[in-house]
Amino acid sequence: MRAAVYSFSLRGAQLSKKVGAFLESLGYEVRVEALAKYAEEANLPAMAGNHYQVTEKAFKDCQAVVYVGSVGIAVRSIAPYIKSKLVDPAVISIDECGNFVVPLISGHIGGANELARVLAAHIGGQACVTTATDVNGLFAVDEWAARNRMVICSLNAAKDFAGALVHNDIVGVYSDFPVLEPLPRNMELTSEFGKYPVGMAVTLDKSAKPFTTTVLLLPKIVHLGIGCRKNTPLENIEALVLAELERLKIDKRSVVSIASVDLKKDEAGLLAFAEKYKWLTKFYSAEELSKVEGDFTPSDFVANVVGVSNVCERSAVLASGGGKLLLRKTSLNGVTLAIAIEEITLDLNKTGLKTE
């Protein structure tokens, strides 16, 4: 992850060094820049342009942007570049004395709220967090989803969910996966559709709607094991995979990776397919695949060519960390596919700093 820290006074420049060093300790790749007229004395690089120009660059390549100066400077700097809480970086303003650390945008999904808290603790300041769920000590579904590899299908539903919690209503939690208890305040686990008007559902079924207003959260836990003949075109792979995902009601956004035997690591159609959908690729040796435990569909032909009797099922399970097969070997036009999912347990109290 990358971060940028900008300062606008000599005192602010000195504080920005401390902020930058702390961000580096958290794993950020950090650039710390000062206003040109203070840069030399502070022994920092000068901003490459005015505050609008450096902000435009930071919004393109950083996950966190910190302004050491007035909130007004920060607000004016970011105003032209704000797009959506789904894509905007975490933006924080700190006064030059380090008294107040203010998350301005992307408090939950971008991680600005939690980052402001840990920054404030480090420099001896006060984090000024204003989001309704935080100030009321309530569960923030968008923040939790972002920290637990979940896709939020509707931000409007997430707002209604937060509104219900703030209003002190009970909201439902539906899950296809085990859930640790106790749940956060005003949340109740249910398998009964329609019991609560508002709730969140963690499921791979993209059509699920257990509540009138459902925050549908899709876990990113799906791994595709694929085998194919040499020079199989992208279109053949795509035809099988997309059809099976649709039949199983799995959203493409739940897919993490494509896995296969290492003999396929240069297969153009397979690589192009992965690139088209921005999925990771994982390639394993026949020896690695042979060690995967489970009941798999054998093929003498595959064993003779590859050195292991099954590629798609074994690679899917291995990529999922030993998860379970959701789809056993299926074939079409020279392509074989299996789907495995990671085994997960949900902890609704698990949140924290953004790490990716």
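Which residues form one aromatic cluster with Y6? Select Y6 together with F8 and Y67, since these three make up that cluster; rings of Phe, Tyr and Trp (for Trp, its six-membered ring) count as a pair if their centres lie within 6.5 Å, with planes under 30 degrees apart called stacked, over 60 edge-to-face and the rest tilted. The model is a predicted one, in which local features need pLDDT of at least 70 and side-chain atom pairs count only at pLDDT 80 or more, while totals for chains, interfaces and linings use all residues. Residues are numbered from 1 along each chain as its sequence is written, and side-chain values use heavy atoms, with hydrogens and water left out.

Stay with the rings: a search of the whole structure gives 9 aromatic pairs. One of them is F139 with F161, an edge-to-face arrangement with 6.3 Å from centre to centre and 70° between the planes. This pair links distant parts of the chain, as F139 sits in the loop between α6 (132-135) and α7 (141-147) and F161 in helix α8 (residues 155-166), 22 residues apart; helices (H or I, at least four residues) and strands (E, at least two) are DSSP runs numbered from the N terminus. Both F139 and F161 are buried, where buried means under 20% relative accessible area, exposed over 50% and partly exposed in between (1.4 Å probe, protein chains only). Next select Y277 and W279, whose ring centres are 5.0 Å apart with planes at 20°, so this pair is stacked; Y277 and W279 are buried as well.

Move to helix α4 (residues 71-78), where A74, S77 and I78 are buried. These residues cover an arc of only 85° around the axis, which puts them on the same side of α4; the arc is that of the directions from the helix axis to the C-beta atoms. Among the elements covering them are α3 (51-61), β3 (64-68), β4 (90-94) and β5 (100-105).

Now centre on F211, in the loop between β10 (198-202) and β11 (213-219), a buried residue with a relative accessible area of 1%. Its contacts (heavy atoms within 4.5 Å), not counting residues up to four places away in sequence, include G172, Y174, T190 and P197. The C-alpha atoms of F211 and P197 are separated by 5.4 Å, although the two residues are 14 apart along the chain.

Finish with the cysteines. With a disulfide taken as a pair of cysteine sulfur atoms within 2.5 Å, the count is 0. The sulfur of C97 is 14 Å from the closest cysteine sulfur, in C128, too far for a bond. C97 is partly exposed at 40% relative accessible area, and C153 is partly exposed at 33%.
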